[in-house]
Amino acid sequence: MIHSLSMIWNPSEGIDLGFIKLRYYSLMFVIAFGLGWFLMKKIYDREGESVEKLDKLFIYTVLATLVGARLGHVFFYDWAYYKDHLFEIISPVRFTPKFEIVGFSGLASHGAAIAIITVMYFYSKKIVQKPVLWILDRITIPVAIGGMFVRFGNFFNSEILGHETASALGVRFIRDRFSPREAMEITGINDYNQAYDAIQTNPQFAEVLAQVVPKHPTQLYEAFGYLIVFLIVYYMYWKTDARKKLGYIFGVFLVLLWTVRFIVEYVKESQKGFEDVLGYLSTGQWLSIPFIIIGIYLWATAKNKKYEA
């Protein structure tokens with residue numbers, strides 16, 4: 001009964017434009033960065049900053065996000081593998097045990113956060129020539145809503161899932177339960193997308209479909225949480241004088257966003273990392289704690305750090 005009430009999730013990989021297939025995960029990144037540029041354009045217009053400085057901010061942020069997220073996954077979650085496969089850190093292809101295009105499937109938000117903060121220090125000194133907390137207070141707005149779209153991308157990819165659940169919120173991720181090869185072997189269909197569709201819709205494979213148990217859609221939990229964080233920091237910047245207190249908005253952002261992540265981790269499947277060594281909490285939770293502590297400090301001390309343009 002639980003299975004019959006749960007949503008079955010088996011999306012296509014993207015939008016087929018004929019000459020190219022636009023994958024949903026990539027599309028979510030495009031939307032995140034595009035919307036981020038638009039939001040920061042409004043902020044820079046208000047602050048009297050030039051579009052040239054905004055364009056440089058965009059380049060800095062994109063590079064920091066992608067490189068930081070990749071390195072974060074490598075060192076925080078899967079160093080045991082990558083220490084013996086160093087080339088694969090920067091390569092989208094794998095040569096052993098056979099040649100295959102694997103892309104860059106491992107991205108970690110904690111790594112992206114560290115990289116963005118680091119890059120913003122140099123950007124604030126070299127480009128905008130303002131205190132680093134000035135830019136961090138403002139960039140939280142596009143980062144928060146961007147995080148929401150990235151989690152939508154994870155949902156389309158059927159990745160970063162939660163534990164099995166009997167809750168009505170549970171989702172049955174067919175592409176998580178069966179690999180493309182397994183789906184083709186089970187159905188005898190050589191196209192894995194058609195094989196997945198057959199498992200979902202063909203009564204012949206009803207028993208196979210029954211093996212797909214509902215799991216918490218933790219990507220959507222996080223996406224909703226990040227939307228709330230975005231609305232709060234957006235309101236603080238545009239409707240209050242919070243922007244004049246260095247570190248105030250950034251501090252609130254750190255506390256709220258990483259608290260969302262910390263809470264959702266309780267129902268999320270293990271992403272590996274070093275949790276087996278430290279115990280008690282997941283890797284994602286351990287990595288979130290320092291951000292929350294820093295955020296509390298900035299939040300509490302911001303009243304003493306006024307900024308006047």
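**Burial, salt bridges and overall form**

User: Why is Lys 215 counted as buried?

Analyst: Lys 215 has a relative accessibility of 11%, and buried means under 20% relative accessible area, with exposed over 50% and partly exposed in between (1.4 Å probe, protein chains only), so Lys 215 counts as buried. The model is predicted, so local features need pLDDT of at least 70 and side-chain atom pairs count only at pLDDT 80 or more, whereas totals for chains, interfaces and linings use all residues. Residues are numbered from 1 along each chain as its sequence is written, and side-chain values use heavy atoms, with hydrogens and water left out.

User: What makes Lys 215 and Asp 176 a salt bridge?

Analyst: A salt bridge is a side-chain nitrogen of Lys or Arg within 4 Å of a carboxyl oxygen of Asp or Glu, and the closest N and O atoms of Lys 215 and Asp 176 are 2.9 Å apart, so the pair meets the rule. Lys 215 lies in the loop between helix H10 (206-209) and helix H11 (218-239), and Asp 176 in helix H7 (residues 174-177), so the pair ties together parts that are 39 residues apart in sequence. Asp 176, at 31% relative accessibility, counts as partly exposed.

User: How do you know that Lys 130 and Glu 49 form a salt bridge, and which parts of the chain does the pair link?

Analyst: The closest N and O atoms of Lys 130 and Glu 49 are 3.3 Å apart, which satisfies the salt-bridge rule. This pair links distant parts of the chain, 81 residues apart, with Lys 130 in the loop between helix H5 (109-128) and helix H6 (132-156) and Glu 49 in the loop between helix H2 (24-47) and helix H3 (51-77). Lys 130 is buried at a relative accessible area of 16%, and Glu 49 is buried at 13%.

User: Which residues does the network of salt bridges around Glu 265 and Arg 261 join?

Analyst: Glu 265 and Arg 261 meet in a salt bridge at 2.7 Å, N to O, and both residues are buried. Salt bridges that share partners join these two with Arg 151, Glu 222 and Lys 268 into one network. By the salt-bridge rule, the count comes to 11.

User: Why is the chain called as compact as a globular protein of its length?

Analyst: The chain has 14 helices and six strands, where helices (H or I, at least four residues) and strands (E, at least two) are DSSP runs numbered from the N terminus. Its radius of gyration, taken over C-alpha atoms, is 21 Å, and the globule rule (2.2 Å times the number of residues to the power 0.38) gives 19 Å for 309 residues, which is close, so the chain is as compact as a globular protein of that length.
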